[in-house]
Amino acid sequence: MLSRTLRWLILAMVSALPAAAQSIDDGPMRPKKTLSLSVLYAHDSWDEYWEGTLKRTNGNIGTLTTQSVTMAAEYSVTDRLGVVAAVPYIWTHASQGVLHDISGFQDLALGARFRLLSPAPGRYGAFSAFIGGVAAIPTSDYTPDFYPLSIGTAGRRAAGHLTLDFRSNSAWFANASASYMWCSNVKLNRSSYYTDGQLYLTNEVVMPNVVNYALNAGVDLGNWRIPVSLVQQRTLGGGDIRRQDMPFVSNRMDFVKLGGGLMYELPKNVSISVGAAHVLTGRNVGQSTTFTSGLVYALHL
């Protein structure tokens, strides 16, 4: 089935938020010496957002649409260790107002995952544990100072990831994941800025770190796989959007998102997937709906 590690890094890096949702579906690793190549398309849009805790619309934005195409490659070094690289091309558009579109390659993500524990199946199923790490660096000089149109934070990031996974002897599965993301400072193209009630006479912005939690469950039905997920992102610092002002790169951006998907394995090592997710609650983020579709080809070397 579609690689769990690959989907983790695609989801984490394709988001236009400064720190995006982590994996919601880590699971069994591919066999040793398997190379997986994938393309993922995502369409995200919202016309309401939270200005701090106040939910509102904005006639200068209308509907904000973010689209992306992510290219990724994963290689299973051993049956317990996998490495992956992913880079998205993103473009944003506001349906109203005078804000211009932004597009370009965002950040290159490089990561690895290691299976700590994978015992033989017991009476009810098999329990596994994984740790992982991912680092991301900007691939272009895009601006982080034009939210909500900016395609990213333009800063370096590194995250540690832990997943506990259970596969039943029947068709169902469940897992829980947590990650902590360290975010480097970001430099703006101006000598001062105002945020969180304070004026800063510098072009360097201190970025808050981010934690993510996820619960995932579903069924495996042969070539079909149907997951449902609940993801929470919490920003460890940052201020709120000021009334009638644009978002700022270091704003607190929290959300709870519910999602689901459908994955199918075709002949000749090809997998396809579709998915959807919706933000239930948030702070300084849009109440967005995201649709995704993906294609993966696995080559056994």
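Here is a walk through this predicted model, strand by strand and then contact by contact.

Residues are numbered from 1 along each chain as its sequence is written, and side-chain values use heavy atoms, with hydrogens and water left out. Because the model is predicted, local features need pLDDT of at least 70 and side-chain atom pairs count only at pLDDT 80 or more, while totals for chains, interfaces and linings use all residues.

Let's start with strand β1, residues 34-46. Strands here are DSSP runs of E, at least two residues long, numbered from the N terminus. In a regular strand the side chains alternate between the two faces of the sheet. In β1, Thr34, Ser36, Ser38, Leu40, Ala42, Asp44 and Trp46 point to one face and are buried, while Leu35, Leu37, Val39, Tyr41, His43 and Ser45 point to the other and are not. Buried means under 20% relative accessible area, exposed means over 50%, and partly exposed is in between, using a 1.4 Å probe and protein chains only.

Now look at the partners of β1. Two strands pair if DSSP finds at least two bridges between them. Twelve bridges join β1 to β4 (residues 64-76), running antiparallel, and Val39 stands opposite Met71 there. Another twelve join β1 to β19 (residues 289-300), also antiparallel, where Asp44 has Thr290 as its bridge partner.

From β19 you can step on to β18, since nine bridges join these antiparallel strands. They form a hairpin with five residues between them, and Asn284 in the turn has a positive phi of about 60°. Next comes β17 (residues 254-266), joined to β18 (residues 270-283) by 13 bridges, again antiparallel. This hairpin has three residues between its strands, and Lys268 in the turn has a positive phi of about 65°.

Where do nonpolar side chains gather? A nonpolar core is a set of buried Ala, Val, Leu, Ile, Met, Phe, Trp, Tyr and Cys residues joined through side-chain atoms within 4.5 Å. The largest one has 19 residues, of which Leu188, Val205, Met207, Phe248 and Val249 touch the most other members. A second, separate core of 13 residues includes Ile90, Ala94, Ile151 and Ile241.

Some nonpolar residues sit at the surface instead: Phe114, Leu116, Leu117, Phe127, Ile131, Leu162 and Leu164 make a patch of about 550 Å². Patch members have over 30% relative accessible area and no salt bridge, and nonpolar side chains (Val, Leu, Ile, Met, Phe, Trp, Tyr) are joined within 5 Å. The areas come from the Shrake-Rupley method with a 1.4 Å probe, and for residues only the protein chains shown count as cover. β7 gives the most to the patch, with three residues. Leu162, in strand β9, is partly exposed because its relative accessible area is 39%.

Finally, the charged pairs. A salt bridge is a side-chain nitrogen of Lys or Arg within 4 Å of a carboxyl oxygen of Asp or Glu, and the whole structure has ten. One of them is Asp145 with Arg190, whose closest N and O atoms are 2.7 Å apart. That pair links distant parts of the chain, 45 residues apart. Another is Asp240 with Arg283, at 2.8 Å. Asp240 lies in the loop between β16 (224-236) and β17 and Arg283 in β18, so the pair ties together parts 43 residues apart in sequence. Salt bridges that share partners also join Asp165, Arg167, Asp220 and Arg225 into one network.

Note on methods: Patch = residues over 30% accessible without salt bridge, like charges linked within 9 Å, V, L, I, M, F, W, Y side chains within 5 Å. Helix = DSSP H or I, 4+ residues; strand = E, 2+ residues; numbered from the N terminus.
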